[in-house]
Amino acid sequence: MSGGFKSYVNMNEVEKTEPESQKKDVKKIANEVFGGPMEPKLLPGELVIAEGHNVLKFNSTDDFNHGVSGALFCTNFKISFVTANRSSYDLGELRQRNQLLSEHDIALTCVEAVYQVWNGKKKRLPPGSNIQGRVGILEIHCKDFRILPFSFKFTPKEAERNVVNAILHHAFPTSLDLLFAFEYNPGKNLRIGIADTPEFRAVKDWERELSRVHPSGWRVSFANTNFKMSDTLPEQFIVPSSLSDHDLNNSSPHFVDGRVPLWSWSHQNGSSLVRMVELRSDTTQTQYLESMLRAIESTHPERTKASIIDLARLCPSPKYIQVAYYKLRDLCMPAGAEDFWAADQKWYSLLDGTKWLQCVSACLSVSSAVAERIAGSRQTVVLREYDGRDLSCVVASVVQLILDCHTRTLVGFQALVQREWVVCGHRFTDRLHHVHAKDKDNEESPVFLLFLDCVWQLLQQFPSCFEFTETYLTTLWDSARVPLFATFLFNSERDRYVACMDAKRDKNDNTSPTLMPVWDWSLQFSDQDRLLFNNPLYGGKLAEYFPEHPSNGPTVVPPNPTNTLGSFKSRNKWKSKKKKQAGASAQVSFATPSTPSFNGPLFPINIGAGLKLWTQCYMRWIPWAHTVGGGPPSEYFHQCLLVDELHILNMKIHSLEMSKPDEHNTSRESGMFFTFESPRGFDANDSLTSAFPYSPIGSMDRKSIVGTPLFSFLRRMSVSSYNGAAANGDD
């Protein structure tokens, strides 16, 4: 029997008006419909903390009129809703299937807030609080912009209270050791497939990076072995060869957090990109800063003066980014159709009012200007930030994406994130708000999301220059909030080490916890679904079929006239006059567009029409904003078919040239999600929506329940007038 339903009654009004005798009849009907054991799929080490049956999961986009019935579980890893309904996975719909989280699951660290909805009024429930009475409808707001409402109308009061209180306690942990990553126990047969992605926790990874870039005058330093110099730097990092480890140890106490300047990347012309923090406010020894700058400048072939870029003046602060994110979240999480269409009338002004795209524009502008100084002016650039752990991560990474084609490959991009963000101490614990400690200020700020948005903008403007797709970027952001992957859990490498040692002592069995890296995508997705990460337009792929095409050679891209280093505040005054000037500047850029090769430098348009909203990430759960059969997913579908056909033809030509048929060739070898020979037997115009591959197709109540007792009850009766007709199946 289907668990779907369509409700025409106000669940809160029903609770107030039904007599006790009728409550018993309603529960009897509900049990007949809901009946049958339901259990969630558990990972090794995952435990069920509380469960409630006969729960209704509403479709929040339909004013609580549609949904599915089932059981709600809270584990030490997720909130899991299990229904007797066939999931969209089973129905063969085109969407990404996560092997860790089912269709109706929510990772605990993805919960943003929990609300009680009663009589149309919404009340936020405090984390860690205990609910004693009935809740009515529980509305869970997620950090991926989903809104998930659950009704406990037919759930026993004690089970309802247990589930709600478990969510309020376990979705907001007060310390890192309470996260599921420390409970996960995959056993000895686990295969960790990250060999291609260096973690930069061994000297060989740093030496390999030096060998790849070939910088002159730089070396790997061991001054921070056992984190004796700085708690926030990795144990190995790259510094000028003229500085000894003794020099670094002497200089370290005078810099914020002991973070001496460290190398990020070098251009083939000899100029380099360096990250540097401020001197401590209580030090007067400025000679240490001067000696560091002289050492950095000595690495340049011409010994030219380094250009120091003050990111505090040029980029938005983490606090400003967080405020802009809150406004963007409110805009992309409408409570219902009425709110959405009201916002639609003034969408562009509301989007502009969030200031999110202004933050993206500032980071792209600064990064482009830095890239121009390195590649065009042959200057070494030093990025200066107070503690060097936020905007310097963004700008250093985007600069490398602009200038280094290796970072635009899948493995190269993952190595970039691992090196510039993970081991160099971006504060993922604080910025992603994994821990809700009462005695600590909330320092949440989606700096990493801002970086991914910058990458997405580059991908939109230069679609043939990236090996990966926007689906990969969206999936990476989703994975940052899964409390299993150590990649995005800690503030620094030392925090990771200390947490492992503490967990080892707590276990008292001399074994460290198995902390999983996010880069082993086989833990989350099948081989088939990982093909969604492959970009069919990538020039490196197409070069296999057109090796002599002129676009495959190096291309010099002229500097973009919109890339300036004015202060963030001055560039953020988006008044009408400024907009007209920006529009004129953008027109100049569009009048002389450049089409770089996949391995050439990229200089993006960073204002005006050059910037777009990342709709796949921010609006995938809003059905009114979706188009059917159009948009980027439809383009992606046809691009996959074309590239797959090229692959087949190329293999046939090769076979004919060798005078030997290739019997082992399969279409799937092209690496495309959709294939030319068997495009899954569907029409893209009818089957794909602009939310592909995330949002399910159609409404939630896919199977009819006409003729069932619950249908008669919900379709035509109110509980106050219930006379047993529904129980007898009368219409």
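Where does His214 sit in this chain? Let's start there and then walk around. His214 is in the loop between α4 and β10, the strand at 218-221. Before I go on, one thing to keep in mind: what we're looking at is a predicted model.

Okay, back to His214. Its phi is near 60°, so we have a positive value in a residue other than glycine, and because its relative accessible area is 64%, His214 is exposed.

Now compare that with Phe200. Phe200 is in the loop between α3, residues 157-170, and α4, residues 203-213. Here too phi is positive, about 55°, and Phe200 is not a glycine. But is Phe200 buried or exposed? Phe200 has 2% relative accessibility, and that is why it counts as buried. So keep these two loops in mind: Phe200 is buried, while His214 is exposed.

While we're on backbone details, scroll along to Phe692 and Pro693. The peptide bond that joins them is cis, with omega at about 5°. Pro693 belongs to the loop between α24, which is 684-687, and α25, which is 709-716.

Next, let's go to strand β8, residues 137-142. How many of the residues of β8 are buried? Six of the six, so this strand is largely enclosed by the rest of the structure. Here's the general background: in a regular strand, side chains alternate between the two faces of the sheet. In β8, Ile137, Glu139 and His141 point one way, and Leu138, Ile140 and Cys142 point the other way. All of them are buried, whichever way they point.

And who are the partners of β8? One is β6, residues 111-118, which pairs with β8 in the antiparallel sense over six bridges. If you want a spot to click on, Val117 has Ile137 in β8 as its bridge partner. Another partner is β9, residues 147-151: five bridges join β8 to β9, and the two run antiparallel. Look for Ile140, which stands opposite Leu148 in β9. β8 and β9 make a hairpin with four residues between the strands, and in that hairpin Phe145 takes a positive phi near 75°.

Let's move on to another sheet. This one is open, has four strands, and goes in the order β12-β13-β15-β14, with mixed pairing. Which strands are at the edges? They are β12, at 262-266, and β14, at 307-310, and each of them pairs on one side only. On average, neighbouring strands in this sheet are turned by 25° against each other, ignoring direction. Inside the sheet, β13, residues 272-277, pairs with β15, residues 381-385, in the parallel sense, over five bridges. Your landmark there is Arg275, whose bridge partner in β15 is Leu383.

A quick stop at a helix end now. Thr354 lies in α10, which covers residues 347-354. With 3% relative accessibility, Thr354 counts as buried. What is around it? Setting aside neighbours within four places in sequence, Thr354 is in contact with Ala324, Lys327, Leu328 and Leu331.

Last stop: some helix packing, with α16, residues 470-479, in the middle of the story. Take α15 to begin with, residues 447-461. α15 and α16 pack at an angle of about 175°, and their axes are 10 Å apart. That makes α15 roughly antiparallel to α16. On the α15 side, the contact is made by Phe448, Leu449, Leu452, Val455, Trp456 and Leu459, and on the α16 side by Glu470, Leu473, Leu476 and Trp477. By class, that's nine nonpolar residues, no polar ones and one charged.

Then there's α13, residues 410-422. The axes of α13 and α16 come within 13 Å and cross at roughly 30°. These two helices are therefore roughly parallel to each other, and their crossing is right-handed. Which residues meet here? From α13 you get Leu410, Phe413 and Gln414, and from α16 Tyr472, Leu473 and Leu476. That contact has five nonpolar residues, one polar and no charged ones.

So if you remember one picture from today, make it α16: it is roughly antiparallel to α15 and roughly parallel to α13. Leu473 and Leu476 of α16 are among the residues that touch α15, and they also meet α13. That's my tour, thanks!

How values were computed. Residues numbered from 1 in each chain as written. Predicted model: local features only at pLDDT ≥ 70, side-chain atom pairs only at ≥ 80, totals over all residues. Heavy atoms only, no water. Axes fitted to C-alpha atoms, helices over the stretch in contact; angles between N-to-C directions. Parallel < 35°, antiparallel > 145°, perpendicular 65-115°, else oblique. Left-handed = near helix turned anticlockwise from the far one by under 90°. Contact = heavy atoms within 4.5 Å. Nonpolar A, V, L, I, M, F, W, Y, C, P; charged D, E, K, R; others polar. Buried < 20%, exposed > 50% of the residue type's maximum accessible area, 1.4 Å probe, protein only. Pairing = 2+ DSSP bridges.
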